[in-house]
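This report goes through a protein model, from single contacts to the whole chain. Have the sequence and the 3D view open while reading.

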Amino acid sequence: MKNIGSEIKLKGDREIEVIPAIADKALRINLNKNIYGTFAEIGAGQETVRHFFRTGGSSGTIAKAMSAYDKDFSDAIYGVEDDGRYVTESRLRKMLTHETRLIEERLDREKHPDKIFFSYANTVATIDFAKQFKGHGWVGINFQVEPGEDYNEIILHIRFKENDSKLQQETLGILGVNLIYGAFYKYNDPKKLLRYLYDHLDKDQLEIDTINFSGPRFKDVDNRLMSLQLVKNGMTDAVMFGPDGKNVLPAAILYKKNILALRGSFRPVTKVNMDMYEKSLEMFLQEKKVEKENALVVFEITLSNLRSEGEIDELDFMDRAELLCSLGQTVMISNFQEYYKVVEYFSEYTKARMGLAMGVSNLIDIFDEKYYRHLSGGILEAFGKLFYRDLKVFLYPMEDENGAIINSQNLKVHPRMKELYKFFAYNGKVIDITDFDKDHLKIFSREVLKMISKGKKGWEEMLPEGIAELIKKNHLFGYDEKKLLEEQPK
């Protein structure tokens with residue numbers, strides 16, 4: 001009778017991770033006598049703090065809860081935004097700064113020597129009455145792990161996917177509890193913290209497209225790597241970061257822009273890539289509907305180009321990101337395998353003319369039917385989505401085994417696709433890049449990578465200025481000076 005009441009485990013059972021209920025998460029925080037803070041929520045009710053009030057014991061956790069809905073009240077408390085908008089990262093940061101300052105000013109440390117303070121805030125806009133704009137928002141927390149230490153910060157941007165404002169409010173409340181719980185109990189593992197934000201939520205309810213960690217507990221966190229996790233975990237389809245290496249909100253930099261996109265592995269970035277970029281940009285800026293001041297170049301890397309033996313090689317990703325940033329480029333990491341999905345994504349933010357710069361082999365792949373079997377309309381549906389937009393393809397030539405130049409005029413697609421290709425080519429959708437350096441056509445990233453990893457000489461001349469030095473200095477792509485010495489004749 002010894003086993004009465006004990007848990008039964010059978011052979012073949014697998015370990016299942018137990019995810020605490022939202023009420024249990026809120027209760028655990030409430031029952032911790034040291035966690036104490038404020039809630040400031042604007043735009044979707046006080047959905048997060050509601051969970052803490054309902055679960056019991058909230059008086060030991062909640063110092064203040066407020067919602068400054070009226071714009072004049074909000075401006076009087078947090079200040080006026082330069083652009084007059086309220087659902088912005090700037091507004092959220094002002095809210096966090098203001099509330100954190102107040103809690104430090106109003107609560108005496110001598111009276112509360114063991115308290116670890118936090119300030120949670122969100123500013124959101126839920127779905128509009130016409131249900132055309134689904135809504136978005138900024139959510140963040142400033143928090144301590146030890147009394148009196150500098151504050152840590154987590155800030156994220158969300159996009160609602162549900163079609164009902166009440167459902168969006170409930171989703172926001174669950175996300176808020178997950179964020180606060182993760183901040184205190186998962187700060188030591190940011191990757192797990194990120195995944196746990198979706199506890200009791202589905203990916204079709206909410207998208208997180210930007211996240212930034214800062215503060216003493218996150219001093220070793222690379223936010224570009226966290227961006228990769230968002231895409232890897234299916235939390236968003238694409239993330240972006242600028243030349244400074246910081247995550248940027250896609251909507252903020254893509255809105256109404258003339259976008260020129262270059263897709264590649266960039267492993268590493270070579271003179272071919274930069275020649276394609278420079279020549280296609282020059283042609284793109286000559287288009288009538290393109291304004292130089294409004295043009296944005298995006299270097300896109302898909303997850304299919306980041307996989308190594310079935311898994312994403314995160315170190316390899318960081319190597320590529322570092323080099324592209326050093327060249328002053330904006331980088332996008334996406335889940336899009338097909339080009340038409342890239343164009344659809346950009347079209348969410350802009351109706352202005354766009355351009356795709358690509359090599360001949362990539363264009364031939366676009367006309368391969370196997371990539372569109374999952375679509376009910378097949379390749380015609382994909383091409384409708386791709387070329388229906390105000391889009392032009394700038395085609396970089398290739399050299400065949402006989403030294404002949406292959407371009408839009410003589411490339412070969414499958415016989416069944418021949419007439420379809422002609423339709424787009426003859427209607428000015430595909431434009432040849434004619435001013436190119438023929439010597440660059442012999443450069444291939446995969447060959448450069450082999451030379452680097454095997455310690456062979458000569459790869460430096462195939463890369464843009466300064467890139468070889470960075471690879472050597474930081475030992476990127478498996479560069480090993482010892483291998484180079486071993487290759488040299490004794």
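Arg93 is partly exposed, because its relative accessibility is 31%, and this value lies between the limits of 20% and 50%. The model is a predicted one, and every value in this report is computed from it. Arg93 has a salt bridge with Glu89, in which the closest N and O atoms are 3.0 Å apart. Glu89 is partly exposed as well, because its relative accessible area is 27%. Where do Glu89 and Arg93 sit relative to each other in helix 4? They are four residues apart in this helix (residues 89-106), so about one helical turn separates them.

**Other salt bridges**

The count of salt bridges in the model comes to 29. Three of the pairs are set out below.

| Pair | Closest N to O distance |
|---|---|
| Glu89 and Arg93 | 3.0 Å |
| Arg224 and Asp222 | 3.2 Å |
| Arg416 and Glu369 | 2.7 Å |

In the pair of Arg224 and Asp222, the two residues fall into separate classes of accessibility. Arg224 is buried because its relative accessible area is 14%, under the limit of 20%. Asp222 is partly exposed, with a relative accessible area of 26%.

The side chains of Arg416 and Glu369 also meet in a salt bridge, at 2.7 Å from N to O. This pair links distant parts of the chain, with the two positions 47 residues apart in numbering. Arg416 is in the loop between strand 17 (405-406) and helix 14 (418-426). Glu369 is in the loop between helix 12 (360-366) and helix 13 (378-387). Is Arg416 buried or exposed? Arg416 is exposed, because its relative accessibility is 58%, over the limit of 50%. Glu369 has 30% relative accessibility and therefore counts as partly exposed.

Salt bridges can also join into a network. One such network links Glu287, Lys289, Arg353, Asp390 and Lys392.

**A charged patch on the surface**

Which residues gather in a patch of positive charge on the surface? They are Arg446, Lys450, Lys454 and Lys456. Of these, Lys450 lies in helix 15, which covers residues 445-453. Lys450 counts as partly exposed because its relative accessibility is 44%.

**Backbone details**

Some residues stand out by their backbone geometry. The peptide bond from Arg267 to Pro268 is cis, and its omega is near 0°. Pro268 is located in the loop between strand 9 (258-263) and helix 9 (271-284).

Lys256 has a phi near 60°, which is a positive value in a residue other than glycine. Lys256 belongs to the loop between helix 8 (250-254) and strand 9. With a relative accessibility of 53%, Lys256 counts as exposed.

His475 also has a positive phi, near 55°, and is likewise a residue other than glycine. Where is His475 placed? His475 is in the loop between helix 16 (467-474) and helix 17 (481-487). His475 is partly exposed, because its relative accessible area is 47%.

**The chain as a whole**

How many helices and strands does the protein chain have? There are 17 helices and 18 strands. The chain has 490 residues, and buried residues make up 51% of them. One buried residue is Ala382, with a relative accessible area of 1%. Ala382 is part of helix 13. Between the C-alpha atoms of Ala382 and Ala23 there are 45 Å, and along the chain the two residues are 359 residues apart.

The protein chain is divided into two parts, domain 1 (22-221) and domain 2 (252-440). The C-alpha centres of domain 1 and domain 2 are 39 Å from each other. Taken along the principal axes, the C-alpha atoms of the chain fill a box of roughly 80 × 65 × 55 Å.

Technical notes. Residues are numbered from 1 along each chain as its sequence is written. This is a predicted model: local features need pLDDT of at least 70, side-chain atom pairs count only at pLDDT 80 or more; totals for chains, interfaces and linings use all residues. Side-chain values use heavy atoms; hydrogens and water are left out. Patches are made of residues with over 30% relative accessible area and no salt bridge: like charges are joined within 9 Å, nonpolar side chains (Val, Leu, Ile, Met, Phe, Trp, Tyr) within 5 Å. Accessible areas come from the Shrake-Rupley method with a 1.4 Å probe; for residues, only the protein chains shown count as cover. A salt bridge is a side-chain nitrogen of Lys or Arg within 4 Å of a carboxyl oxygen of Asp or Glu. Lys and Arg count as positive and Asp and Glu as negative; His and the chain ends are not counted. The place of a charge is taken as NZ of Lys, CZ of Arg, CG of Asp or CD of Glu. Buried means under 20% relative accessible area, exposed over 50%, partly exposed in between (1.4 Å probe, protein chains only). Domain bounds come from an automatic or database domain assignment.
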